[in-house]
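Please examine the structure shown below. The paragraphs after it serve as a guide for a first reading.

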Amino acid sequence: QVRLVESGGNSVQAGGSLRLSCAASEVTFSSSCMGWFRQVPGQERERVAMMLVLLGRTYYGDLVKGRFILSRDNANNTVYLQMNSLKPEDTAMYYCAALSRPVGAGCPGSATSYDYWGQGTQVTVSS
């Protein structure tokens, strides 16, 4: 069973930056979409950034557009989330997610569509 292994979560002050990493345990793992969700207690998982792997096309949530950058190292089957200008409202558990089945025009926004998940990495932004 393929695992998604995350790292990079930490506590930072507002305005700071962090970079999250997510590596698939098998380099040959093939996914149609790979990226990040986040969740705060009592709320649903929110899609933060997602990549349509075949085309390298990226999607960002409205709350992070212009501040977060999703990238991918194809050779190592790893995605990175560069988070800049962090705000206290970015505080959440961040989860790497991947979808193995083929998709059509784009990556789904619902967390229930994704079949591989990391264990989560905590990001805390203080004011």
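Rings of Phe, Tyr and Trp, the last represented by its six-membered ring, are taken to pair if their centres lie within 6.5 Å. In this predicted model, Phe-37, Tyr-95, Tyr-114 and Trp-117 form one aromatic cluster. Arg-45 accompanies two members of that cluster: Arg-45 lies over the face of Tyr-95, at 3.6 Å from the ring centre, and also over the face of Trp-117, at 4.6 Å from the ring centre.

The structure holds five aromatic pairs. One of them joins Phe-29 and Tyr-116 in an edge-to-face arrangement, with 4.9 Å from centre to centre and 70° between the planes. This pair links distant parts of the chain, as its two residues are 87 residues apart: Phe-29 belongs to the loop between β3 (18-24) and β4 (33-39), while Tyr-116 belongs to strand β10 (residues 116-117). Are these two residues buried or exposed? Phe-29 has 8% relative accessibility and therefore counts as buried. Tyr-116, at 17% relative accessibility, counts as buried as well, because the term applies to values under 20%.

Attention may now turn to the strands. Four of them form an open sheet with antiparallel pairing, in the order β1-β3-β8-β7. The edges are occupied by β1 (4-7) and β7 (68-73); each has a single partner strand, so one side of each is left without a neighbour in the sheet. From one strand to the next, the twist averages 15°. At one of these edges, β7 pairs with strand β8 (residues 78-83) in the antiparallel sense over six bridges. Phe-68 stands opposite Met-83 in β8.

Key. Residues are numbered from 1 along each chain as its sequence is written. This is a predicted model: local features need pLDDT of at least 70, side-chain atom pairs count only at pLDDT 80 or more; totals for chains, interfaces and linings use all residues. Side-chain values use heavy atoms; hydrogens and water are left out. Rings of Phe, Tyr and Trp (its six-membered ring) pair if their centres lie within 6.5 Å; planes under 30 degrees apart count as stacked, over 60 as edge-to-face and the rest as tilted. Helices (H or I, at least four residues) and strands (E, at least two) are DSSP runs, numbered from the N terminus. Buried means under 20% relative accessible area, exposed over 50%, partly exposed in between (1.4 Å probe, protein chains only). A charge sits over a ring if NZ of Lys or CZ of Arg is within 6 Å of the ring centre and within 35 degrees of the ring normal. Two strands pair if DSSP finds at least two bridges between them. Axes are lines fitted to C-alpha atoms, for helices over the stretch in contact, and angles run from 0 to 180 degrees between N-to-C directions.
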